[in-house]
Amino acid sequence: MTDLALLTDAESVEQALPALELLPHHVTVLPLGATLADLDAVTPTIIVLDATVNLVAARNTAQLLKNTGVQTPLLLVLTEGGMATVSANWLMDDVVLNTAAPVEIDARIRLAAVPTVQEAESVIRSGAVTVDEASYTARLDGSPLNLTYKEFELLKFLAQHPGRVFTRAQLLSEVWGYDYYGGTRTVDVHVRRLRAKLGNEHENLISTVRNVGYSFNSAKGER
């Protein structure tokens, strides 16, 4: 059984996607204009967006969710007429006709609930930090971090090796490359900026090892 959030302007699940009622999944119905807080309270494995009643609103909701960093797969329910207009820039993960049979809907739900090998390999999770190499995004406790390219690369490298201590020279070589002519002070500056963006509660995720360098803690520790 999969936890689904059905975002719809329809009056019932039966009206939006009739066959869904015949499947043993747990469905929470929310309005199409549901907020991120509403979704966080439900924590669905898949978000089902009903575009059968209000196509434009469903498209806008899909784009808004993905652009704000929602990683949950989006399954868009369409009529045959809607299928003729849908495009990749709607940012949904999959589509299904509202007249689809239960076996097809169940298969799409099962496939959407399992990340692909490529997706799994592109995401680094270490403690409260999630780094997605594919989209160059980083999140802290689910909230996006606004990082520069080098800040992202530094955080990614440290998060890939939790608990391991790196000298400033090693970090300079790994993150900036052998052809970088700046000094190791650059590392200190970027660590300071990263800590500021992590905030007071999480700045100690990056620890200073005196007279050596820096390490990343998957749990908050002593600085």
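This note describes a three-stranded sheet and the helices that pack on it.

1. The model is a predicted one, in which local features need pLDDT of at least 70, side-chain atom pairs count only at pLDDT 80 or more, and totals for chains, interfaces and linings use all residues. Residues are numbered from 1 along each chain as its sequence is written, and side-chain values use heavy atoms, with hydrogens and water left out.

2. The sheet is open, and its three strands (DSSP runs of E, at least two residues, numbered from the N terminus) follow the order β10-β12-β11 with antiparallel pairing, where two strands pair if DSSP finds at least two bridges between them. Because β10 and β11 (206-209) stand at the edges, each with a single partner strand, one side of each is left without a neighbour in the sheet. From one strand to the next, the twist averages 30°.

3. The antiparallel strands β11 and β12 are joined by four bridges, and I206 stands opposite F216 in β12.

4. Helix α7 (helices are DSSP runs of H or I, at least four residues) lies across β10, β11 and β12, running at about 70° to β12; axes are lines fitted to C-alpha atoms, for helices over the stretch in contact, and angles run from 0 to 180 degrees between N-to-C directions.

5. In helix α8 (residues 168-176), the residues L171, L172, S173, V175 and W176 are buried, meaning under 20% relative accessible area with a 1.4 Å probe and protein chains only. These buried residues pack against α7 (149-160), β10 (165-167), α9 (185-198) and β12 (213-216), contact being heavy atoms within 4.5 Å. Just after α8, G177 takes a positive phi of about 100°.

Note on methods. Buried < 20%, exposed > 50% of the residue type's maximum accessible area, 1.4 Å probe, protein only.
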